[in-house]
Amino acid sequence: MALNHTFLLLSFIFGLGVGSYVLFRHKRNLSFVYLGLALLSVSFWPLTILLTLITANISIANLAFGETMLVFLLLVLFAANSSKSLSKLATVLLSIPALVVAVISSIPGFVTAKIAVENESVKLVENGSLFWLFYIFIAIYLILFVYFLYHSFRIATGNKKRQLLYISLGLIFSLIAGVVCNLILPAIGIFQFNSMGPVFIISSAAFTVYAATGHYQYEPRVVLAELYALLLIFVSIARLVMYPLPSSYILSGLTVGLCALFVRATLAEARRNLELKKDKRELLRLDKMKDEFLMVATHELNTPVTVLEGKVGMIANEGFGNFSAEQREYLKPVFENAQKLSHLFKHIVEVVRIDENRFKLEKTPVDLK
């Protein structure tokens with residue numbers, strides 16, 4: 001089996017698996033349902049090209065154009081749903097022309113009239129009557145996809161924003177690879193790279209979507225570790241398909257085992273870090289509750305102490321009321337301790353303000369002499 005045949009077959013299997021995984025995991029999230037369907041649709045693209053390389057059948061070759069239009073439609077619906085930009089009626093109106101173009105593009109003679117398979121690549125010999133109309137529709141839906149994705153990213157916050165960043169980078173890279181290899185280059189007569197477009201799209205889109213499914217707060221180390229492990233497994237399986245020797249089976253088994261241990265260790269460390277972050281947040285929450293309690297308790301206690309300090313001070317120091325000198329002398333310790341409590345409460349309030357970064361220093365010149 002030729003190298004590009006192997007990669008096309010593995011891309012189909014890999015894309016099918018990841019698309020099914022996204023649909024299963026996020027079946028209640030309409031945005032991810034569209035994204036999963038887009039991955040499932042694009043996974044059939046390398047299979048279509050592989051069958052075209054084997055059979056040179058123009059009917060099979062045209063299916064790739066219909067699949068391309070369907071994928072762009074699903075990506076637009078994903079981005080639009082993420083940004084809450086379209087109503088149900090607008091979604092239907094946007095879907096109808098794309099579905100019509102997808103069906104028409106799959107019929108021989110409309111986009112392609114004649115093909116040839118040479119040097120393991122599919123060459124477009126004669127354009128169909130709607131060849132450039134298909135490209136115009138692709139350009140329109142590509143612009144819509146970028147617009148809705150940008151709008152989604154602007155209104156997103158927190159983990160949702162990081163998730164969209166992962167997805168956006170992967171999908172944009174995938175679309176660039178697919179458009180260049182399978183649309184732009186063939187349009188100018190270069191067909192040698194049309195088998196690589198689906199491989200790039202499946203790999204980068206699937207990796208990125210998997211990385212953005214939300215485990216461990218999208219920690220980059222976990223994402224990179226999983227992507228690296230999956231890439232090694234992908235290459236190992238490709239080598240096994242190309243060279244089915246006993247040594248290849250041994251190397252593939254060792255690679256899969258080591259990758260599993262590597263990912264497991266990375267996940268364990270990420271899990272510990274996540275638990276530490278949760279504990280830290282909990283401690284900060286409890287510390288904030290403590291400060292709030294101190295602030296409220298201090299204010300509540302300071303009110304009666306202030307009244308006590310004022311009343312006793314008037315009796316002990318200002319001769320208020322019909323009290324003898326001996327009685328006033330007995331009340332002076334009460335007044336002094338009330339003052340101490342009042343000063344203590346003020347210090348507690350200052351400490352709480354310092355902890356909450358609400359304490360302000362007022363700098364003034366001082367004569368050291």
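**Helices, a patch, a salt bridge and a cavity**

Colleague: Which helix does Val-103 lie in?

Modeller: This is a predicted model, so to speak of local features we need pLDDT of at least 70, side-chain atom pairs count only at pLDDT 80 or more, and totals for chains, interfaces and linings use all residues. Residues are numbered from 1 along each chain as its sequence is written, and side-chain values use heavy atoms, with hydrogens and water left out. Helices are DSSP runs (H or I, at least four residues) numbered from the N terminus. Val-103 falls in the run of residues 88–105, helix α4.

Colleague: Is Val-103 buried or exposed?

Modeller: Buried means under 20% relative accessible area, exposed means over 50%, and partly exposed is in between (1.4 Å probe, protein chains only). Val-103 comes out at 53%, so it counts as exposed.

Colleague: How much accessible area does the nonpolar patch with Val-103 have together?

Modeller: A patch takes residues with over 30% relative accessible area and no salt bridge, joining nonpolar side chains (Val, Leu, Ile, Met, Phe, Trp, Tyr) within 5 Å and like charges within 9 Å. Areas come from the Shrake-Rupley method with a 1.4 Å probe, and for residues only the protein chains shown count as cover. Val-103 shares this surface patch with Val-92, Ile-96, Val-100, Ile-104, Ile-107 and Phe-110, and together they have about 540 Å².

Colleague: Which residue forms a salt bridge with Arg-285?

Modeller: A salt bridge needs a side-chain nitrogen of Lys or Arg within 4 Å of a carboxyl oxygen of Asp or Glu, and a search of the whole structure finds one. Both partners sit in helix α9 (residues 246–318), three residues apart, about one turn of the helix. Arg-285 is partly exposed at 43%, and its partner is partly exposed too, at 36%. With the closest N and O atoms 2.5 Å apart, that partner is Glu-282.

Colleague: Which helix gives the largest share of the lining of the second largest cavity?

Modeller: A cavity is a set of points on a 1 Å grid over the protein atoms alone where a 1.4 Å probe fits but cannot get out, and lining residues have an atom within 4 Å of a point. Helices α2 (30–55), α3 (58–82) and α6 (158–187) each supply at least two lining residues. The largest share, five residues, comes from α6.

Colleague: How far apart in space are Ala-79 and Tyr-150, C-alpha to C-alpha?

Modeller: Ala-79 has its place in helix α3, and at 0% relative accessibility Ala-79 counts as buried. Ala-79 and Tyr-150 are 71 residues apart in sequence, while their C-alpha to C-alpha distance is 8.5 Å.
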